[in-house]
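This report looks at how a protein meets a DNA strand. The sequence and structure come first, and the description follows.

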Protein chains: 2
Amino acid sequence: MTTLAKGLAVLGAFDKKRPTMTLSQAAQAVDLSRATARRVLRTLTKLGYVEQNGTQFSLSPRILQLGFAFLSTQNWIERALPLMRGLSERMHESCSAAILEGTDVVYVARVPTARIMSVAISVGTRLPAFHSSMGRVMLGFLDEAEIWRRLNSVSLAPLTPSSITDPQGLFDRIRADHEQGFSIVDEELERGLRSIAVAVVDQTGEARGALNLSTHTTRTTRNEMRDLFLPMLKTTAAQIFMPASAEPSS
Amino acid sequence: MTTLAKGLAVLGAFDKKRPTMTLSQAAQAVDLSRATARRVLRTLTKLGYVEQNGTQFSLSPRILQLGFAFLSTQNWIERALPLMRGLSERMHESCSAAILEGTDVVYVARVPTARIMSVAISVGTRLPAFHSSMGRVMLGFLDEAEIWRRLNSVSLAPLTPSSITDPQGLFDRIRADHEQGFSIVDEELERGLRSIAVAVVDQTGEARGALNLSTHTTRTTRNEMRDLFLPMLKTTAAQIFMPASAEPSS
DNA sequence: AACGAGTTGTTCGATAATCGAACACAAGTT
DNA sequence: AACTTGTGTTCGATTATCGAACAACTCGTT
């Protein structure tokens with residue numbers, strides 16, 4: 001179904017760098033003939049996913065529906081939110097939930113306290129999985145071959161001086177974190193940022209996501225994280241798929 | 001381009017009610033032959049927008065990228081967020097930003113304080129525009145014919161005893177709110193909820209979105225809202241498209 | 001074990017949609 | 001006035017899509 005692929009490619013071509021495009025620009029961006037690009041944009045416009053004023057095409061808010069349809073299918077997220085709020089209040093730290101997609105961590109729920117990261121994190125934000133605590137926790141649930149495949153498919157440019165960039169080192173770290181049941185990542189994503197994460201596991205033992213608490217390195221030590229944060233974080237994560245709150249296993 | 005339309009229809013068929021579907025269910029939901037549905041789902045899977053395990057198909061986090069591509073094209077949102085945070089801190093109330101899509105208001109940014117609404121509002125949440133303060137403010141920027149068209153395309157079931165359900169009454173209210181430059185909505189969406197909104201207008205005079213402050217009816221009166229909240233709300237909204245922060249008019 | 005009901009997977013010729021080159025047109029530029 | 005760069009539109013050739021039909025599989029039930 002090449003037409004479908006082309007249409008989605010055009011949708012995906014809109015970007016922060018290219019918020020609006022003319023017909024020709026879109027054709028060039030996705031490598032289509034102008035005639036084809038025009039047909040694609042016309043149907044996307046008719047379906048309401050793209051807006052046209054003048055010669056400029058831009059995304060319509062309509063496509064948010066698609067994205068949030070996904071969030072609404074993950075119904076553990078809305079169960080997690082109140083638990084996360086409680087956790088954040090007790091610990092006085094930001095609490096987030098994320099899922100793994102490829103080599104990215106995608107935030108799906110967030111309870112912020114003070115803003116500690118320079119880039120504002122919100123639902124939908126993507127961060128490199130190998131350098132984030134939630135990413136490592138979720139990667140640990142994959143089999144070894146899969147971990148290596150993803151390791152090899154991503155560039156491990158150091159984001160801070162503390163970033164682990166050695167593939168074997170990362171692999172070992174992921175396995176070790178999986179063994180111990182949690183992951184603490186120190187300043188690998190951004191200086192001064194320290195976070196601890198555990199997996200959100202469903203009844204079948206599959207990792208559906210991860211939960212973390214993040215803080216500033218000057219505020220909490222690694223040991224405090226393990227001794228104070230970890231127990232409650234584990235309890236919270238475990239409650240999400242507690243049999244008490246039965247659900248039709250989405 | 002019927003194929004593209006079918007593909008997007010299938011994507012849109014996934015829902016909170018139907019988080020996973022078999023091939024046949026998808027075919028039935030979108031009214032396609034099973035052969036076609038299978039082709040669609042196969043290409044969607046190959047493109048990474050859909051995941052298959054066993055006979056069950058489900059949405060992949062990949063499609064979040066599409067939705068957030070839109071958010072990232074609206075670059076006034078990230079300029080608005082720090083301003084909204086400041087506003088929320090000063091007023092001690094939740095502050096939200098939304099855009100209008102059809103007859104829905106879609107939240108695109110949010111700074112929550114205490115949770116006052118029963119349904120948790122987050123980015124991506126949709127509410128009926130005619131019964132929300134932000135919706136009325138944005139509807140006021142449309143011409144009369146367009147307002148009527150949208151009025152007629154939606155069912156105005158009362159959500160609370162205070163909801164305005166008379167079309168003419170709603171129309172008049174929207175025009176009046178547009179005249180005065182803001183909208184206060186009292187308990188029409190939910191009991192105890194009072195909110196005030198103003199439009200976010202760009203340099204060309206177009207309404208790009210709306211900003212609101214919401215509170216509980218017992219905490220702030222209508223007059224206090226107008227006297228205390230409105231001036232700062234207007235100032236904040238005006239700052240978003242201030243020429244100081246120049247941008248390539250997305 | 002045989003059966004029917006319900007499902008997915010796959011094939012193939014007929015059909016219908018898509019393709020792109022070519023041209024018309026508009027607007028701004030040299 | 002010719003040129004550049006863009007969109008809009010047509011049309012026959014090409015190609016992808018369609019759906020009926022059949023194979024294969026999994027469950028319960030008899």
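How do the residues of the surface near DNA strand D divide into nonpolar, polar and charged? In this predicted model, the division is 3 nonpolar, 7 polar and 4 charged.

**The surface near the strand**

DNA strand D is surrounded by 14 residues, and the closest are A:Met1, A:Leu23, A:Ser24, A:Arg38 and B:Lys6. Both chains supply helices to this surface: α1 (2–13), α2 (23–30) and α3 (34–47) of chain A, and α1 (2–13) and α3 (34–47) of chain B, each contribute at least two residues. The largest share comes from α3(B), with 3 residues.

**Contacts with the strand**

Sugar or phosphate accounts for 61% of the atoms of DNA strand D within 4 Å of the protein, and bases account for the rest. Three polar contacts to phosphate oxygens of the strand are listed below.

| Protein residue | Protein atom | Partner in DNA strand D | Distance |
|---|---|---|---|
| A:Thr2 | polar backbone atom | phosphate oxygen | 3.0 Å |
| A:Leu23 | polar backbone atom | phosphate oxygen | 2.7 Å |
| B:Lys6 | polar side-chain atom | phosphate oxygen | 2.6 Å |

A:Thr2 and A:Leu23 thus appear with backbone atoms, whereas B:Lys6 appears with a side-chain atom. A:Leu23 and B:Lys6 are also among the closest residues to the strand.

**Domains of chain A**

Chain A is assigned two domains: domain 1 spans 2–62 and domain 2 spans 74–240. Taken over C-alpha atoms, the centres of domain 1 and domain 2 of chain A are 35 Å apart.

Note on methods
Residues are numbered from 1 along each chain as its sequence is written. Chains are lettered from A and ligands numbered from 1 in the order in which they are written. This is a predicted model: local features need pLDDT of at least 70, side-chain atom pairs count only at pLDDT 80 or more; totals for chains, interfaces and linings use all residues. Side-chain values use heavy atoms; hydrogens and water are left out. Domain bounds come from an automatic or database domain assignment. A residue is near a molecule or strand if one of its heavy atoms lies within 4 Å of it. A polar contact is a pair of N or O atoms within 3.5 Å; within protein, one must be able to donate a hydrogen and the other to accept it, and residues adjacent in sequence count only if both atoms are side-chain atoms. Helices (H or I, at least four residues) and strands (E, at least two) are DSSP runs, numbered from the N terminus. Ala, Val, Leu, Ile, Met, Phe, Trp, Tyr, Cys and Pro count as nonpolar, Asp, Glu, Lys and Arg as charged, and the others, Gly among them, as polar.
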